[in-house]
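Reader: Hey, could you walk me through this structure? I'm in my first year, so plain words please.

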Amino acid sequence: TTTLSLRAQFKSFTWPFWVANIMEMFERLAYYGVRVVIPIYIASSEDPAGLHFSHVQKGTIFAYWALVQSLLPMFTGGFADRYGYKKTIAVSIAIKILGYVLMATQREFYPFMLGCLTLATGTAIFKPGIQGTLVQGLNKENSSVGWGLFYQLVNIGAFLGPPLAGYMHALSWPHVFYGCAGIVSINFLALLTYKEVSSGGEKVGN
């Protein structure tokens, strides 16, 4: 079996594959911009602009956040296959923006937790559409490099998110959430740059 060179593998990737990787990087940039600093916002008693929730309340938020974000993809993956990856990605971006806005504007426990769970829901919808798009641009000759590139960009987004959040926090806490909403909204533009890829799943009406 002949193994393609690294250059040949890079050239074999489709345009939707590259766009999906960029969208994932922006999504992770925004997500980790919030996720890393939000414990300070929720429960730090030393930050006068924080929410000053108890650590039990913080743990409750994180527990439900993890449940929603971990369990929903079992169901949203089927919707992505059935209704199309671009549609589900677009819906997820809108939901994530709503989540960030709620987190920026709500200071009571349950409304703020609703914002966190809205963000978790958007993330759970986003992942199947992105990874489904990616896998359609891979084959047995380039899949290892393709997935390696994907996780490299995930790590770049996660690495840049916290310092960016720190910069926005210097302005105000709402700037953190609004800034991340703006970052993830860039993906709406990215969706316009490629045609839908076939999911291979059963479509509506079939």
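Author: Here is a chat about the core, one helix and a few single residues.

Reader: Before we start, what kind of model is this, and how are the residues numbered?

Author: This is a predicted model, where local features need pLDDT of at least 70, side-chain atom pairs count only at pLDDT 80 or more, and totals for chains, interfaces and linings use all residues. Residues are numbered from 1 along each chain as its sequence is written, and side-chain values use heavy atoms, with hydrogens and water left out.

Reader: Cool. Which residues touch the most other members in the largest nonpolar core?

Author: Those are Ile38, Ile42, Ile61, Trp65, Tyr100, Met103 and Phe112, in a core of 33 residues. A nonpolar core here is a set of buried Ala, Val, Leu, Ile, Met, Phe, Trp, Tyr and Cys residues joined through side-chain atoms within 4.5 Å. Buried means under 20% relative accessible area, exposed means over 50%, and partly exposed is in between (1.4 Å probe, protein chains only).

Reader: And which elements give two or more residues to this core?

Author: They are α2 (15-35), α3 (38-43), α4 (55-71), α6 (85-105), α7 (109-136), α8 (143-169) and α9 (173-191). Helices are DSSP runs (H or I, at least four residues), numbered from the N terminus.

Reader: What does Ile38 touch, then?

Author: Skipping its neighbours within four places in sequence, Ile38 is in contact (heavy atoms within 4.5 Å) with Phe62, Trp65, Met103, Phe112, Cys116 and Phe177. There is also a second, separate core of 17 residues, which includes Phe13, Ala20, Ile89 and Phe126.

Reader: Let's switch to α7. How many of its residues are buried?

Author: 21 of the 28 residues in α7 are buried, so this helix is mostly covered.

Reader: How far apart are the end C-alpha atoms of α7?

Author: They are 42 Å apart, which agrees with the 40 Å that 28 residues should span at 1.5 Å a residue. The expected span is 1.5 Å times one less than the number of residues in the helix.

Reader: How does α7 sit against α8?

Author: Their axes come within 10 Å and cross at roughly 145°. Axes are lines fitted to C-alpha atoms, for helices over the stretch in contact, and angles run from 0 to 180 degrees between N-to-C directions.

Reader: Which residues meet there?

Author: Ile130, Gln131, Leu134 and Val135 in α7 meet Trp147, Phe150 and Tyr151 in α8. By class, that contact has six nonpolar, one polar and no charged residues. For those classes, Ala, Val, Leu, Ile, Met, Phe, Trp, Tyr, Cys and Pro count as nonpolar, Asp, Glu, Lys and Arg as charged, and the others, Gly among them, as polar.

Reader: Is Thr133 buried or exposed?

Author: Thr133, in helix α7, has a relative accessible area of 1%, so it counts as buried. Leaving out neighbours within four places in sequence, Thr133 is in contact with Pro16, Ala20, Tyr85, Ile89, Tyr194 and Val197.

Reader: What about Tyr110, buried or exposed?

Author: Tyr110 is also found in helix α7, but at 62% relative accessibility Tyr110 counts as exposed.

Reader: And what does Lys127 touch?

Author: Lys127 is in helix α7 and touches Glu24, Glu27 and Arg28, not counting residues up to four places away in sequence.

Reader: New topic: how far apart are Leu29 and Leu160?

Author: They are 131 residues apart in sequence and 6.2 Å apart in space, C-alpha to C-alpha. Leu29 lies in helix α2 and counts as buried, at 14% relative accessibility. Apart from neighbours within four places in sequence, Leu29 is in contact with Gly157, Leu160, Gly161, Leu164 and Ile183.

Reader: Last one: where is His52?

Author: His52 lies in the loop between α3 and α4. Its phi is near 60°, a positive value in a residue other than glycine. With a relative accessible area of 45%, His52 is partly exposed.
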